[in-house]
Amino acid sequence: MKLFPGGSEWRKWDLHVHLPSPRMSNSFQEKDGGIDWSRFCSIIEESDVDAFGLTDYFNLDVFFTFRTEFESRYPNSHKAFFPVVELRLNEAVNKSRDDVNFHILFRPDETQDRINLFLGSLKTELTDEKDRRLTCLDLKTKRLLESASVTRQAIEQAYVAAFGKLTQTDHILTIVPSNNDGIRADNANQRKLGLADQIDKAADLIFGNASNSKWFLNKERFEAGAGPSRPKPVVTGSDAHNFDDLLAWLGRTVPAPNEKCITWIKADLTYEGLQQILVEPADRVSIGESKPDFKEPYRYIEKIVFDHPDFPSEIIFNPNLTSIIGSRSSGKSALLAYVAHAVNADHTLEQQQAVAAKSKVSDLGPAAGHTWASVEHVKRNIVWGNPEATRGQVIYVPQNSLFEISNRKTEITDKIRPALFRAYPELEKQFKRFQGEREAIRILMGTSISDWFSHTAAMRARAKDLAQLGDKSAIQAAEQSIKDEIGELRKASSLTDAENAIYTEVKTELAEAEEVVQQLDSELEGLRVFINISETLEVTASEQVSVSIETSPAVQELGHDLGVAIETLVQGANDQLKADLGSLIVEQYKKLTAKRRGLIERRAALAEEHEPLIARIGELAATSDLEDRLAAHQLTLSKIETQETLMASDQKSADKSVREITDSLATRDDLHKRLIRSFQQEIRVLDSMEFGLAIGNAPEQLDWLAQGFNKQAVSDYLSPDRQRVELDRIKSEPLKFIQSLESGTQKIRQGEESQALATRVLTAAPEVRLTATLDGDQVGGFETTTMTPGKQALFALTLILSESDEPWPLLLDQPEDDLDSRSIYEVIVPYLIARKGERQIIMVSHNANLVVGADSESIVIANRHGLDRKNRADRLFDYKSGSLEHSEPPRAKSFILESRGISEHACEILDGGTDAFEKRKNKYNIKWA
C-alpha cells in the first residue's frame with residue numbers, strides 16, 4: 001500500500017469522470033481516427049483533482065488502456081485512479097420512470113482479469129436468440145448497451161462468483177445517484193418510496209450535491225417498516241463526456257443549469273483511504289468551494305528538517321492532528337520538544353520550567369540527560385505550510401502540564417483572566433478600573449496608618465515630656481505663691497503698684513520672647529539642610545528638596561503609549577511640585593529669620609526702655625531671686641501648654657486617621673460587592689465553560705500574615721492554633737488592633753515593626769479569584785475542585801488555547817497522563833476532534849483511545865536504534881509517518897520501521913492498540929492486513 005507521509009489530507013476527488021470510450025455516449029473528439037489519449041491524460045494530470053473515478057458502461061477494458069497510456073506519459077504522477085463501471089438497474093422510482101443508474105467502484109489494484117470475471121458473471125436482463133441472458137461482457141453493440149439492465153440480485157451473485165464470500169466493501173464500493181437517474185422517488189407512489197429505500201440500502205455512496213448530504217446522513221430517512229437507515233457519504237462528480245466539459249467542470253464549482261460541485265475527501269489517495277468515508281460520512285467528506293478545516297499556511301508546520309546524522313532529514317506533519325507514538329525512550333517527546341524549541345526557545349523553556357519548577361533553566365532540554373546547550377550541534381529548522389514564512393508561534397504543553405495548571409488554585413485566575421478578557425473586552429476595562437480604585441484605597445490606607453502611628457508616637461513623646469515638666473496644677477499654685485511673695489516685698493520697697501505692674505509685664509514679655517527665639521532657632525536648624533545661602537546672603541532651595549509621585553494605576557500596568565504619556569505628565573508635575581516646595585521652604589526660612597530678628601530687636605528695645613526700673617528692682621536681691629523662680633515656673637507652664645496644644649492637635653489627627661482607615665475598609669468592601677454584582681449581570685461562557693467570581697482570603701494569605709505575630713504569646717487576633725490571622729475581627733475593630741500593636745500588648749515577632757505589620761495586615765485585600773464550571777463541576781476560587789481529571793485537563797487546554805488570538809499549532813506531550821480511560825474517551829477525544837479543525841495539533845501519546853479514537857490524520861512512529869530495533873543508516877532516532885489507514889502485514893526487514901504498516905506499528909506500540917484497532921475495524925467494516 002502506498003505510504004503518504006503527511007497522512008490523511010483534504011483533497012479534491014471526482015468519482016464520476018467518463019473515459020473517452022467508443023462504447024456509448026462518447027463525445028470526446030478523436031485524433032487520427034482514435035482516442036486522443038494525449039489530450040485526455042494531460043487534462044487529468046494538470047487538474048487540481050487528485051483522485052478520479054474513471055467510468056465506462058458495463059465494461060472497463062478502456063480503463064486499463066488509459067492507465068497504461070497515462071503511466072507512460074506521467075510515470076511520477078501522484079494521481080489516483082479508480083475503475084468505475086456504470087450499470088442500469090431494472091428498477092425505476094421517479095416520475096419519469098427512468099431506470100436507476102448504478103455504479104460499481106473497484107479497488108485500483110484489482111486486476112483486469114478479476115474485474116472481467118465479475119462483469120462476465122454479471123447477467124443482464126437481455127437474452128440472446130437462445131433465450132440465454134447476456135452478461136455485461138456480451139454487450140458488444142450500442143443498441144445492446146443502451147437497452148441493458150441488471151438486477152441487484154445479479155450484482156450480488158456476480159460478486160460471489162468473482163470474490164467469494166469476502167466482505168464486499170474490501171473489493172467494491174457501490175454508488176447510486178440521488179437525483180436524475182437516481183433514487184429520488186415519486187412521493188405519491190408508496191411502492192416506489194419503498195423501492196428507493198431498498199436501493200439506498202444496497203449502495204455504499206450516493207452521487208448528489210450539498211443539499212442531499214443532510215438527508216443521507218439522517219438515520220431515520222427510510223419509510224416506516226424499512227428498518228434503520230445507515231448514514232451515507234454523498235459525493236459529487238463532474239459526469240463529463242467531452243473535452244470541453246472536462247476542462248470546464250473538473251475540480252470546479254459550476255452554476256445551473258450544469259450545476260457542479262467540488263467534493264473534498266480527507267483520506268490517503270488509496271482504496272483504504274476511500275473506505276474511511278463509509279463510517280465517517282459527515283467528517284471525511286465535504287462538498288463546497290473551499291477546502292474544509294482551512295488553516296492559513298503560515299499557521300501550521302509542514303515539517304521539521306534536521307541536519308545531523310542522528311536524525312532523518314525531515315519529518316512531515318499533518319495540518320490537523322498528528323500523533324507521535326513510540327516505545328519508551330524512542331525519541332517521541334524529544335521530537336516534540338525539538339519542534340517547540342526550534343519555533344520559540346523562550347516559550348519552550350518557560351513551559352518546561354513551569355513543570356520542573358525546582359530545576360535550573362540550564363538543566364532543561366529535549367530529553368532526560370540532555371540539555372539544550374548539549375544539543376546545540378543538532379541543527380534543525382521548521383518549515384511552515386507557507387515556505388516563505390520564517391517565524392511563527394506554538395503553544396507547547398509539556399508532559400504533566402495539564403495536571404499542574406488545573407491543580408494550582410492560586411494560578412488558575414491568572415490562566416482564566418486573559419481568556420476571559422479576550423472573549424469579553426469590556427470586562428478587562430472593568431477589572432482595570434477596579435484594580436485602580438483598590439490600589440488607591442491601599443495607598444490611602446497605608447498613609448493613614450503611617451499618620452496614626454506618627455501622631456500616636458508624638459503624643460507618647462509629649463506625654464513623657466509633660467511628665468518630666470511636672471504637675472501643671474502644682475506649678476500654677478507655686479507660681480501664684482511666688483507672685484504673692486514678690487508683691488509683699490515690693491510693697492515694702494519704694495516702688496509703686498504701677499511700676500511693679502510694668503516690671504512684671506516687661507519681664508514676662510522678655511521671657512516669652514526668649515522661649516520663642518529658642519523655638520525659632522530649632523525650626524531654622526531643621527530647614528537649613530534644605531536651603532543654600534550665597535555670599536550675598538541670597539537664600540535658595542538646596543538639592544535636598546525632592547518629590548516622589550506614585551500613580552494608581554501604576555505606569556507598568558498600562559499600555560506603552562498611555563504609559564509614556566503618564567510618565568511625561570508625572571515628570572512635569574514632579575518638577576513643578578519640587579519648585580513650589582522649594583519656594584515654600586525658602587519663604588518659610590525668610591519668614592522665621594525675620595521673626596527671630598524682630599523678637600531680638602524687641603527684647604533689646606524693652607531692656608533699654610525700662611533699664612532704670614529693671615536696675616532699681618535688681619537692687620532688691622530677694623525680689624530678684626523670686627523673679628527668677630517665677631520666670632522658671634512661667635516658662636515651664638508655657639512649655640506644658642504648648643505640649644498640651646500639640647497633643648490635642650496630634651489626637652485630632654490620629655482620630656482622623658482612624659476614621660480614614662475605617663472608611664477605607666468599608667469602601668474596599670463596597671468595591672468588592674460592586675464587582676461581584678457587575679460580574680453576575682451577564683453569564684460569561686467560553687467553550688461550554690461558565691465563569692464565575694469569588695472574593696475571599698485564602699488560607700495561605702492568612703498563614704502568611706500570621707508570620708509577623710509572636711505565636712508563642714496569647715493573641716486576640718490569631719486563630720486558636722495561632723497559625724492564621726483572624727482578619728475579620730481585625731477589620732471590625734481596626735483602632736483596637738493598631739493600639740495593641742503600638743502599645744506592645746500585642747506581641748510581634750522579633751525584628752518585626754508594629755507599623756509595618758499593621759499596614760501589611762490592614763491593607764491585605766481579599767483575593768479576587770475566577771472560577772470555571774463545566775457540567776456542574778467547578779475549578780478555581782477557594783474551594784477544592786469537583787472536576788474529574790479529564791475535565792481539569794479540558795479546562796487547562798481551553799485556557800492554554802485562549803492565551804493567543806491566533807490559532808497557532810498546539811504541541812501536546814502525553815495529555816493522557818493522570819487521566820482515567822473514561823476521561824480520555826468522553827472528554828479529551830471529542831475535544832481534540834473539535835479543535836483539530838481549527839488549528840494544527842501535534843501530540844505525543846501512548847494511549848490508543850487518544851490516537852485512534854480522535855482519528856489522527858497522521859501517525860509518526862518513533863524508534864531509537866538498538867540491536868533488535870535497527871534504524872536505516874544506523875541513525876540514533878528515526879521516524880516513519882503516515883495515516884491510520886496505512887496497513888502492511890509484518891514481514892522480515894532489516895529496519896524495524898520498514899517491517900510493517902502504520903496501523904500494525906500502532907497496534908504493537910499503543911496501550912490497548914489491538915483492541916482500539918479491532919473496534920476501528922468493526923466500525924469501518926474494513927479488513928486490515
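In what order do the 4 strands of the open sheet run, and is the pairing parallel or antiparallel? That seemed a good place to start this note on the model, which is a predicted one. Here are my points, grouped by region.

1. **The open sheet.** The order is β21-β22-β23-β24, and the pairing is antiparallel. At the edges sit β21 (684–686) and β24 (777–780), each of which pairs on one side only. From one strand to the next, the twist averages 35 degrees. Looking at one of the pairings in detail, strand β23 (residues 767–774) runs antiparallel to β24 and is joined to it by 4 bridges. If you would like a residue pair to click on, T771 has G780 in β24 as its bridge partner.

2. **V768, a residue of β23.** V768 lies in strand β23 and is buried, because its relative accessible area is 14%, under the 20% cut-off. What does V768 touch, leaving aside residues up to four places away in sequence? The list is T413, F431, F434, R438, L675, L693, A694 and I695. One of these partners, L675, is 93 residues away along the chain, yet the C-alpha atoms of V768 and L675 are separated by 9.6 Å.

3. **Strand β27 and its two partners.** Strand β27 (residues 858–864) is mostly covered, with 6 of its 7 residues buried. Strand β16 (residues 321–326) runs parallel to β27, and 5 bridges join the two. Within that pairing, T322 stands opposite S858 of β27. With strand β28 (residues 877–882), β27 pairs in the antiparallel sense, over 6 bridges. Here I861 has K880 in β28 as its bridge partner. So β27 is a nice place to view both senses of pairing, parallel with β16 and antiparallel with β28. As background, strands of a sheet pair through backbone hydrogen bonds, either parallel or antiparallel.

4. **Helices α14 and α23.** Helix α14 (residues 425–469) packs with helix α23 (residues 754–762) at an angle of about 150 degrees, and their axes are 10 Å apart. The two helices are therefore roughly antiparallel, as the angle is over 145 degrees. Their crossing is right-handed. On the α14 side the contact involves M445, G446, I449, S450 and F453, which meet S754, Q755, A758, T759 and L762 of α23. By class, the contact holds 5 nonpolar and 5 polar residues, with no charged ones.

5. **Helices α1 and α2.** Helix α1 (residues 37–46) and helix α2 (residues 61–73) have their axes 10 Å apart and pack at an angle of about 75 degrees. That makes α1 roughly perpendicular to α2. From α1 come W37, S38, F40, C41, I44 and E45, and they meet V62, T65, F66, E69, F70 and R73 in α2. The contact of α1 with α2 has 7 nonpolar, 2 polar and 3 charged residues. Charged residues are thus present here, whereas the contact of α14 with α23 has none.

6. **S657 in helix α19.** S657 has its place in helix α19 (residues 621–680). Is S657 buried or exposed? S657 is buried, as its relative accessible area is 3%. Not counting residues up to four places away in sequence, S657 touches S448, D451, W452 and H455.

7. **Backbone spots to look at.** Most residues other than glycine have a negative phi, and most peptide bonds are trans. Three places in this model depart from those habits, and you may like to view them in turn.
   - A256 and P257 are joined by a cis peptide bond, with omega about 10 degrees. P257 is in the loop between α8 (243–249) and β12 (263–267).
   - R722 is not a glycine, yet its phi is positive, near 60 degrees. R722 is in the loop between α20 (699–706) and α21 (727–732), and it counts as partly exposed because its relative accessibility is 28%.
   - D855 also has a positive phi, about 50 degrees, without being a glycine. D855 is in the loop between α26 (848–851) and β27, and it counts as buried because its relative accessibility is 9%.

Notes:
Residues are numbered from 1 along each chain as its sequence is written. This is a predicted model: local features need pLDDT of at least 70, side-chain atom pairs count only at pLDDT 80 or more; totals for chains, interfaces and linings use all residues. Side-chain values use heavy atoms; hydrogens and water are left out. Buried means under 20% relative accessible area, exposed over 50%, partly exposed in between (1.4 Å probe, protein chains only). Two strands pair if DSSP finds at least two bridges between them. Axes are lines fitted to C-alpha atoms, for helices over the stretch in contact, and angles run from 0 to 180 degrees between N-to-C directions. Angles under 35 degrees count as roughly parallel, over 145 as roughly antiparallel, 65 to 115 as roughly perpendicular and the rest as oblique. A crossing is left-handed if the near helix is turned anticlockwise from the far one by less than a right angle, and right-handed if clockwise. Contact means heavy atoms within 4.5 Å. Ala, Val, Leu, Ile, Met, Phe, Trp, Tyr, Cys and Pro count as nonpolar, Asp, Glu, Lys and Arg as charged, and the others, Gly among them, as polar.
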